[in-house]
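Biologist: I would like to learn how to read a few features from a set of coordinates. Could we go through them one at a time?

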Amino acid sequence: MSALISVKNLTRVFDVSKPWLNRVIERLPRAHLTAVSDVSFEVPEKSVYALVGESGSGKSTIGKMVVGLLRPTSGAVEIDGVDLASSRDAGAVARVRADIQMIFQDPFASLNPRWRVRSIIEEPVAVRGGDTHGLAERLLEQVGLAAGDADKYPHEFSGGQRQRICIARALASGPRVIVCDEPTSALDVSVQAQVLNLMSDLREEFGLTYLFISHDLTVVQHMADVIGVLYLGRLVEEAPRDELFATPRHPYTQMLFAAAPRMDGFDREIVPPTGEIPDPINPPPGCAFHPRCPIAVARCKRERPEMRHLGGVRVACHLAQ
């Protein structure tokens, strides 16, 4: 199966320095935060690739670079063979951009409160001069709302209904790729299930490809085909969903699974996660996880592990086998 999304050695560095005058007075150097560091993965067409990790691991930054909201510091993101950041073929870039949409974490913040739902949904098509007749009504019915809701404003809906409107807007331009950035984290658990089932049904109906960003392992287990685990901007493990949940190989992945709540977990004894994510402005040498790793050795402190294949998975750990 060919890769629709190809991420190659993706890195994003932010300049978080204080203003020039403050640096001169306080004699401070520039400060740089590496949000994403040398990440590579591929997403086959009509599949779901999930990125998981703690807050600050770089998940949303990768999603924004995939859709073109941020430019990579180095590396490349190719959609259907086109690099949106460096391609000089304007026609190819415009074609690929029309194939990408994004669903954001907060459904209310991503909807214009002054626009009616009809205008919100029709905008991606209207800006390209497409036919919008009956479009909003048809899409609202596809996501489980009423056609008459097109004349309402976003504040007239609940959180779950607003997220359905965001999904309808994402579908309006007929995309092939949808980047979902924590699309259910702001919703109640019962509403989460409804939205996730809707997204699964739409994937089957329209042949969509999802890049699914989440910190919720239960949601990821329900949605993903392949899962990539991020830590401090680095991809530390990648495996098919069932294999990752059955046999996590990286110590960080094992820590995530051990800390996750379970229905059958009453009275279970687990070792709580130790330490905090290191400062991304001054990350530790070698393996970024070694200050928190229970099996770290001297090599982990001086040598960064490369992603390597172990059977059908990829893992960045010197001791994974």
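Modeller: What follows takes cysteines, salt bridges and helices in turn, and the model is a predicted one.

Biologist: Start with the cysteines. How many disulfides does the structure hold?

Modeller: The general idea is that a disulfide is a covalent bond between the sulfur atoms of two cysteines. Here the count is 0. C293 is in no disulfide, and its nearest cysteine sulfur, on C300, is 6.1 Å away. C300 is likewise in no disulfide; for C300 the nearest cysteine sulfur belongs to C287, at 6.0 Å. The cut-off is 2.5 Å between the sulfur atoms.

Biologist: Is C293 buried or exposed? And is C300 buried or exposed?

Modeller: C293 counts as buried because its relative accessibility is 17%, and the limit for that class is under 20%. C300 is also buried, with a relative accessibility of 7%.

Biologist: Now the charged side chains. How many salt bridges are there?

Modeller: The rule looks for a side-chain nitrogen of Lys or Arg within 4 Å of a carboxyl oxygen of Asp or Glu. By that rule the model has 15 salt bridges. One of them joins E78 and K8, whose closest N and O atoms are 3.5 Å apart. E78 sits in strand β4 and K8 in strand β1, so this pair ties together parts that are 70 residues apart in sequence. As for accessibility, E78 is partly exposed at 22%, and K8 is partly exposed at 38%.

Biologist: Which residue does D15 meet in a salt bridge?

Modeller: The partner of D15 is R30, with an N to O distance of 2.6 Å. D15 belongs to strand β1, while R30 is in the loop between α1 (20–26) and β2 (32–44), so the salt bridge ties together parts that are 15 residues apart in sequence. Both ends are partly exposed: D15 has a relative accessibility of 43%, and R30 has a relative accessible area of 49%.

Biologist: What else surrounds D15?

Modeller: Strand β1, where D15 is placed, covers residues 3–15. Setting aside residues up to four places away in sequence, D15 touches R30, A31 and H32. The side chain of D15 also makes a polar contact with the side chain of S17, at 2.6 Å. A separation in sequence need not be read as a separation in space, and I281 is a case to look at: D15 and I281 are 266 residues apart in sequence, yet their C-alpha atoms are 9.7 Å apart.

Biologist: Which residues are joined into one network by shared salt bridges?

Modeller: Take a plain pair before the network. R249 and E243 form a salt bridge, with closest N and O atoms 3.6 Å apart. R249 is partly exposed at 23%, and E243 is partly exposed at 28%. The network is made of E45, D80, R95 and R176, joined by salt bridges that share partners.

Biologist: Which buried charged residue has no salt bridge?

Modeller: R169 is such a case: it is buried, and the nearest side chain of opposite charge, that of E123, is 5.6 Å away. R169 lies in helix α6, residues 159–171. Beyond its neighbours within four places in sequence, R169 is in contact with S110, L111, I120, I121 and P124.

Biologist: Let us turn to helices. Which residues of helix α3 are buried?

Modeller: One lists the buried residues, then asks where they point around the axis. For α3, residues 90–97, the list is A92, V93 and V96. They cover an arc of only 100 degrees around the axis, so they lie on the same side of α3. What covers them includes β4 (74–79), β5 (82–83) and β6 (100–103).

Biologist: What caps the N-terminal end of α3?

Modeller: D89 does, with a side-chain oxygen 3.2 Å from the backbone nitrogen of G91.

Biologist: How many residues of helix α2 are buried?

Modeller: In α2, residues 59–67, 7 of the 9 residues are buried, so the helix is largely enclosed by the rest of the structure. Those buried are K59, T61, I62, G63, M65, V66 and V67. Just after α2 comes G68, with a positive phi of about 95 degrees.

Key:
Residues are numbered from 1 along each chain as its sequence is written. This is a predicted model: local features need pLDDT of at least 70, side-chain atom pairs count only at pLDDT 80 or more; totals for chains, interfaces and linings use all residues. Side-chain values use heavy atoms; hydrogens and water are left out. Buried means under 20% relative accessible area, exposed over 50%, partly exposed in between (1.4 Å probe, protein chains only). Helices (H or I, at least four residues) and strands (E, at least two) are DSSP runs, numbered from the N terminus. The arc is that of the directions from the helix axis to the C-beta atoms. Contact means heavy atoms within 4.5 Å. A polar contact is a pair of N or O atoms within 3.5 Å; within protein, one must be able to donate a hydrogen and the other to accept it, and residues adjacent in sequence count only if both atoms are side-chain atoms. Lys and Arg count as positive and Asp and Glu as negative; His and the chain ends are not counted.
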